[in-house]
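Grab a pencil and keep the 3D view open beside you. We'll work through a few exercises together, one step at a time.

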Amino acid sequence: MESSNVVIDDTRLKSNNHEEEDVLEDDSPLERVVVTPNVGTSNENDEVTQPSTRVPLLDSNEPASWVRRLHNKEDVIGDVNKGVRTRHQIANLISFTCYTSQIEPKKVDEALNDEFWVLTMQEELNQFERNEVWTLVPRPKTTNVIGTKWIFRNKSDENGNIVRNKARLVAQGYSQIEGIDFEETFAPVAHLESIRLLLSISCVHKFKLHRMDIKSAFLNGFLQEEVFVEQPKGFVDTHHPNHVYRLKKALYGLKQAPRAWYECLTQFLVDNNYTRGSVDKTLFIKRDNDELFIAQIYVDDIVFGSTNNTMVHETN
């Protein structure tokens, strides 16, 4: 890319002589060129040659207009309308390409042969350990054991570049037995009308709404039933290959997982002085003197806002 800067001095105008200014592009340091009309010599064709005076531009405080040299479109390599990628965009693109897998495996064996997917699967299991989801126990003889399955997805940005590999370990809920592995499965979900009403309330009270996405939300819901699942493929304990996991908290794919998560979140909000709506069970309201805080739950997404920004920051 080639560019040059030229300074046009607008402070040389005088009321008597009405001086005009011109711009020259040169490889030498920036100079101001002043052309004075009606002064000069005439040639045989009666053309007046205007003498020009070059004055070094030393004062950086003078007002100036910067002019960029134009280029022909034929001289530009590539599509002119796309522009040029910044260093930050190029660095992100390189990072996505070098540290993410560009394939989406259909089977566990394909994922285990890719180092990036192995790291992603290990990160998913680390979430289980941090949340104390399960414990390894001997296989029971008279209890149903639910299988597990890996699901692999590639996350892309708006430009179609793969930015993240996501591996999710889910339970095969279709093998659950009612009355043994689960009882109630119903969990309330916010309707679109309730969200519209929340938007209307925020407009009336003039406060902003925020959105919160709970990461691995279902892993926080406590189970009331005794549920056992198989060890995940590719990560079987070598010392206890016949053991199974006893679940303390819900796992994705279980029929009662949404209900367990809703009950856990409801108990937390009620303990912090929130009031659950009598008609809409996914709406929670908290009042502090004249301040209002509203939260709407949609599975693992929460939309909330308050007339007091301090309460919003405390929630975050």
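**Exercise 1: Build a sheet**

Strand S7 (residues 145–146) pairs with strand S11 (residues 222–229) through two bridges, and the two run parallel. This is a predicted model, so keep that in mind as you go.

Your task: work out the order of the strands in the open sheet that holds S11 and S7.

Step 1. Start with the S7 side of S11: here Val-145 sits opposite Phe-228 of S11.

Step 2. Now look for another partner of S11. Strand S12 (residues 244–249) is joined to S11 by four bridges, and this pair is antiparallel.

Step 3. Check the pairing residue by residue. Val-229 faces Tyr-245 in S12, and Phe-222 faces Lys-249 in S12.

Step 4. Put it together: the open sheet has four strands, ordered S6-S12-S11-S7, with mixed pairing. Strand S6 (134–137) and S7 are the edge strands; each has a single partner strand, so one side of each has no neighbour in the sheet.

**Exercise 2: A charged residue indoors**

Your task: find out what surrounds Glu-225, and which side chain of opposite charge is nearest to Glu-225.

Step 1. Place the residue: Glu-225 belongs to strand S11, one of the strands you just put in order.

Step 2. Look for a charge partner. Glu-225 is buried but has no salt bridge. Arg-259 is the nearest side chain of opposite charge, and it lies 7.4 Å away. A salt bridge would need the two charged groups within 4 Å, so Arg-259 doesn't qualify.

Step 3. Look for a polar partner instead. The Glu-225 side chain has a polar contact, at 3.3 Å, with the side chain of Gln-256.

Step 4. List the neighbours. Leaving out residues up to four places away in sequence, Glu-225 touches Ile-180, Asp-181, Phe-182, Glu-183 and Gln-256.

**Exercise 3: Two positive phi angles**

Your task: say where Asn-273 and Val-299 lie, and whether each is buried, partly exposed or exposed.

Step 1. Note the angles. Phi is near 70° for Asn-273, which is positive although the residue isn't glycine. Val-299 also has a positive phi without being glycine, near 60°.

Step 2. Find the loops. Asn-273 is in the loop between helix H5 (257–271) and strand S13 (275–276). Val-299 is in the loop between strand S15 (291–298) and strand S16 (301–306).

Step 3. Judge the exposure. Asn-273 has a relative accessible area of 60%, so it is exposed. Val-299 has 33% relative accessibility, so it is partly exposed.

Key: Residues numbered from 1 in each chain as written. Predicted model: local features only at pLDDT ≥ 70, side-chain atom pairs only at ≥ 80, totals over all residues. Heavy atoms only, no water. Pairing = 2+ DSSP bridges. Buried < 20%, exposed > 50% of the residue type's maximum accessible area, 1.4 Å probe, protein only. Lys, Arg positive; Asp, Glu negative; His and termini not counted. Polar contact = N/O pair within 3.5 Å; in protein donor to acceptor, adjacent residues only side chain to side chain. Contact = heavy atoms within 4.5 Å.
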